[in-house]
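Trainee: I should like to understand how statements about a ligand and its surroundings are justified. May we work through them one at a time?
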Amino acid sequence: MTETAAEPTAALRARAEIDLGALRANVRALRARAKGAAVMAVVKSDAYGHGAVPCARAALAAGATWLGTATAEEALALRAAGLSGRLLCWLWVPGGPWREAVEADIDVSLSGMWALREVTAAARAAGRPARVQLKADTGLGRNGCQPGADWAELVGEALRAEAEGLVRITGLWSHFACADEPGHPSIAAQLTRFREMVAYAEERGVRPEVRHIANSPATLTLPESHFDLVRTGIAMYGVSPSPELGTPADFGLRPVMTLSASLALVKHAPGGHGVSYGHHYVTPGETTLGLVPVGYADGIPRHASGTGPVLVGGKWRTVAGRVAMDQFVVDLGGDEPPVGTDAVLFGPGDRGEPTAEDWAQACGTIAYEIVTRIGTRVPRVHVNEREAG
Ligand SMILES: *Cc1c(COP(=O)(O)O)cnc(C)c1O
């Protein structure tokens with residue numbers, strides 16, 4: 001993945017321009033919304049496809065004080081790139097790089113006894129305590145420790161390890177199932193359960209630095225969920241967690257990624273001409289066809305066949321026929337933009353281009369998936385790396 005402060009190079013086949021100025025402004029908007037709480041910049045999966053290292057740097061410059069990743073490997077890569085400060089990772093399997101994480105000052109999440117056993121062994125080997133955060137399943141039904149006997153055992157044993165100097169319990173935390181559906185009854189139920197599980201741990205003697213449960217939708221719509229820290233991913237990238245909640249602009253956010261490609265061919269075709277594999281599109285009359293040189297290998301969903309929107313020469317066009325591995329076609333309706341013209345698949349939307357949300361709607365998915373799936377063959381071009389004057 002390239003990282004450069006240069007303006008996008010027209011010669012690139014395709015590029016995902018990443019506006020770090022927009023990312024910094026989004027972090028500031030989220031901080032203002034969660035006053036009293038710290039902000040964790042969630043940069044898992046290469047910062048949702050935006051480039052983990054430059055995005056992490058930009059988020060910290062704008063006042064985020066924690067970084068968060070899913071895997072230990074992602075967290076260790078950030079450390080290797082020189083990012084210091086608090087960093088939590090939460091998705092572990094047995095035999096994971098616990099010792100490396102302890103030595104790299106990474107906070108690790110524990111959802112069960114097996115993980116506590118592995119991290120205490122690593123702390124012994126490293127000769128220093130591990131920073132651990134206990135994750136409660138307050139109702140998501142995914143990762144996290146079940147309330148009741150499981151939580152009692154995990155809290156009790158973690159406190160024992162803390163007394164032995166093997167761990168420091170730095171956080172108690174959980175994750176929402178339906179925060180993007182305001183009023184969903186599971187939200188209040190999860191908050192109640194979270195308060196109970198935190199209270200239980202604190203009564204037993206846990207002194208966490210941070211208690212946290214809020215993701216982007218909760219940060220934007222549920223102030224009572226902010227506690228000490230909010231974990232924001234998608235909102236930081238300027239994408240709304242769900243169109244029902246509002247547009248990015250409604251929350252003072254601006255999309256960070258603009259995906260575009262250079263037209264590789266513009267040609268005349270007669271009516272009745274089949275287009276792309278399977279001939280699922282047939283030109284309705286004499287027309288011009290434009291070749292957009294990105295495909296499903298670049299993360300363009302094949303489900304966008306016949307539906308995905310693209311801005312070419314000031315007009316919205318639609319993917320004509322199937323998205324292939326490396327390319328797709330748009331019907332230009334007789335227009336003849338020069339080859340090399342920018343085809344903008346999505347961006348902030350204020351220059352007439354579609355948004356990631358438009359692609360999500362066209363493909364029957366969520367905008368999280370649209371930005372995160374853009375492949376490594378598409379160079380990321382980071383712009384506005386530094387604050388303007
Ligand atoms: C991905 C993730 C987040 C961020 O979610 P957004 O909705 O993108 O803000 C927060 N917490 C956990 C545990 C996650 O896995």
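Mentor: We begin with a definition: a polar contact is a pair of N or O atoms within 3.5 Å. Please keep in mind that the model is predicted.

Trainee: What makes the approach of Gly233 to the ligand a polar contact?

Mentor: A backbone N or O atom of Gly233 lies 2.8 Å from an oxygen atom of the ligand. The limit is 3.5 Å, so this pair is a polar contact.

Trainee: How do you know that the side chains of Lys44 and Tyr368 also make polar contacts with the ligand?

Mentor: For Lys44, a side-chain N or O atom is 2.6 Å from a ligand oxygen. For Tyr368, a polar side-chain atom is 2.7 Å from an oxygen atom of the ligand. Each pair is within 3.5 Å and therefore qualifies.

Trainee: How much of the ligand does the protein bury?

Mentor: The ligand exposes 390 Å² when taken alone, and the protein buries 95% of that. The ligand also sits in the largest pocket.

Trainee: What makes us say that it sits there?

Mentor: A molecule sits in a pocket if more than half of its atoms lie within 2 Å of the pocket's grid points. The ligand is placed in the largest pocket, so it meets that condition.

Trainee: Which elements each supply at least two residues of the shell around the ligand?

Mentor: They are helix 2 (44-49), helix 9 (216-221) and strand 9 (229-232). By type, the shell divides into seven nonpolar, five polar and two charged residues.

Trainee: Why is Gly233 counted as polar when shell residues are sorted by type?

Mentor: The convention places Gly among the polar residues, so Gly233 is counted as polar.

How values were computed: Residues are numbered from 1 along each chain as its sequence is written. This is a predicted model: local features need pLDDT of at least 70, side-chain atom pairs count only at pLDDT 80 or more; totals for chains, interfaces and linings use all residues. Side-chain values use heavy atoms; hydrogens and water are left out. A polar contact is a pair of N or O atoms within 3.5 Å; within protein, one must be able to donate a hydrogen and the other to accept it, and residues adjacent in sequence count only if both atoms are side-chain atoms. Accessible areas come from the Shrake-Rupley method with a 1.4 Å probe; for residues, only the protein chains shown count as cover. On a 1 Å grid over the protein atoms alone, a cavity is a set of points where a 1.4 Å probe fits but cannot get out, and a pocket is an open set with protein on both sides within 12 Å along at least five of seven lines; lining residues have an atom within 4 Å of a point. Helices (H or I, at least four residues) and strands (E, at least two) are DSSP runs, numbered from the N terminus.
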